Amino acid sequence: MSIIETYKITARTLSPVHIGSGEKIGKKEYWYNKKKGQVGILDMQAFYKGLTEKKLLNEFMNYMLFEKKQLLYQWMNTQNITQEELREWTKYVLSTKDAEIESNKNRDILLFCKNAYGMPYIPGSSIKGALRTCLLTAQILEKLKKNPEEYREEKNKIIEICEKKANMTNDKKKKELQKIEELLEQKEFYTLIRKNEKEELENREKATMDCMAGIRVSDSNPLDIKKLTLCKKLDIPRRGKEQELPIYRECIKPNTVFTFEISIDTSVWTQNGNAIPYTIEDIKKSIDIMFSYYQSVFLDKFQEKNRYQAGTFCLGGGVGYPSKTVTYPILGEENWKIVSEILSEVTNEDRKADWESRIAPRVKKCTNYAGRTYDMGICRWDKTEKI
């Protein structure tokens, strides 16, 4: 018999959060008013219809093909397009006060996930992925407390792969490291006992053995489009000058409340005599263990001023390597050089470590909003209600 416990979780963004839809738009698919500090995302169907009615479609095609420097908003002004017409052709407007668009660099905008009605939301898969990382990290840290040699084999394999500079390509290293990560997840999560139609035990390497199958996470509630803002990628080193990069993302603003549901189906675990691995309290506890570790081994080394409360977790894109993997717990802080090697040759993250401060990666991922610098993608679990 299925026994499902469902909880409504109320959370909030503490900093800008980006959940990419996989879409991006170029400089000629939005208008940018530098004076007002605004970007307008066009409804392309309404835009083309309007241009056709004004007999400007040929002029626009010439602009698309031959004009390299002029911004779309500037071209519109030369065609005597009114503000009223512009509003009719615009889906929504974003503030760019903290992300001034540079005319001489890449000006693509990475779009946020939206539902069929154009409203932003946070996918349940993104939330569950973040919770999965928290649970995995917490389990590894707890086991290491009891037995420091628990992951000695995995640790040695990672170090061995990273030190094979001459006889292993970067692609090969990446595949080997991914294999170790997959085996780690199998070790920690593929713990279910399941039987097939013949009442034979299933192969423990199959994804059907994943105990996380008992946890379902819904998408968040739809959010008001006004909760979106435009943010620019900002890398902040431990020492030296911060670097703004011409990467623009639609982000949910800080202090935005969102809700989602977690359903725990205990029958997935108990039907073949499995123990129940996680309660809602275990999930929330893992969040605190994970973030406390992340704060101590990484954020604090940047003289982090923010002291985050219980329930804080990382979510979405651009939050940085240490919050997305279990490399640090497995290797230990003393092996930060190996982390640097992984970053340098295997991932697309920052390619250097800060050797004096003993930090890898050498920068933390941030952005600006309302005149303030934020760590990217920080949220807080505020409330749990059983429903």
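**Figure 1. Surroundings of Arg-380 in the predicted model.** Arg-380 touches Thr-10, Ala-11, Arg-12 and Leu-14, and also Gln-309, Ala-310, Gly-311, Thr-312 and Phe-313, when residues up to four places away in sequence are not counted. The residue is found in strand 14, which runs over residues 378-386. With a relative accessible area of 17%, Arg-380 falls under the 20% limit and is therefore buried. Its side chain makes a polar contact with the side chain of Asp-382, at 2.5 Å.

**Figure 2. Lys-364 and its polar partner Asp-375.** Lys-364 belongs to strand 12 (residues 363-369). This lysine is buried, its relative accessible area being 9%. A polar contact of 3.0 Å joins the side chain of Lys-364 to the side chain of Asp-375.

**Figure 3. The aromatic pair Phe-291 and Tyr-308.** A search of the whole structure finds 15 aromatic pairs. In the pair shown, the ring centres of Phe-291 and Tyr-308 are 5.3 Å apart and the planes stand at 85°; an angle over 60 degrees counts as edge-to-face, so the pair is assigned to that class. Phe-291 lies in helix 9 (residues 280-297), whereas Tyr-308 lies in the loop between helix 9 and strand 11 (312-314). The pair therefore ties together parts that are 17 residues apart in sequence. Phe-291 is buried, with a relative accessible area of 6%.

**Figure 4. An aromatic cluster and a lysine over one of its rings.** Phe-47, Tyr-48, Phe-60, Tyr-63, Trp-75 and Trp-89 form one aromatic cluster. Lys-28 lies over the face of Tyr-63, at 4.5 Å from the ring centre.

**Figure 5. Helix 6 and its buried face.** Helix 6 comprises 12 residues (residues 152-163). At 1.5 Å a residue, counted over one less than the number of residues, the helix should span 16 Å; the end C-alpha atoms are 16 Å apart, so the two values agree. The buried residues of helix 6 include Glu-154, Lys-155, Ile-158, Ile-159, Ile-161 and Cys-162. Seen down the helix axis, the buried residues fall within an arc of 160°, so they line one face of helix 6. An α-helix has 3.6 residues a turn, so residues three or four places apart point the same way. Glu-153 and Glu-163, on the other side of helix 6, are exposed.

**Figure 6. Gly-316 in the loop between strand 11 and helix 10.** The loop that holds Gly-316 leads to helix 10 (327-331). Gly-316 is buried, with a relative accessible area of 12%. Leaving aside residues up to four places away in sequence, Gly-316 touches His-18, Ile-19 and Lys-324. From C-alpha to C-alpha, Gly-316 and Gly-22 are 13 Å apart in space, while 294 residues separate them in sequence.

**Figure 7. The protein chain as the setting of the close-up views.** The secondary structure of the chain comes to 11 helices and 14 strands. Along its principal axes, the C-alpha trace spans about 70 × 55 × 40 Å. Of the 387 residues in the chain, 49% are buried. Among contacts with a separation of 6 or more, 73% are between residues 24 or more positions apart.

Conventions: Residues are numbered from 1 along each chain as its sequence is written. This is a predicted model: local features need pLDDT of at least 70, side-chain atom pairs count only at pLDDT 80 or more; totals for chains, interfaces and linings use all residues. Side-chain values use heavy atoms; hydrogens and water are left out. Rings of Phe, Tyr and Trp (its six-membered ring) pair if their centres lie within 6.5 Å; planes under 30 degrees apart count as stacked, over 60 as edge-to-face and the rest as tilted. Helices (H or I, at least four residues) and strands (E, at least two) are DSSP runs, numbered from the N terminus. Buried means under 20% relative accessible area, exposed over 50%, partly exposed in between (1.4 Å probe, protein chains only). A charge sits over a ring if NZ of Lys or CZ of Arg is within 6 Å of the ring centre and within 35 degrees of the ring normal. A polar contact is a pair of N or O atoms within 3.5 Å; within protein, one must be able to donate a hydrogen and the other to accept it, and residues adjacent in sequence count only if both atoms are side-chain atoms. Contact means heavy atoms within 4.5 Å. The arc is that of the directions from the helix axis to the C-beta atoms.
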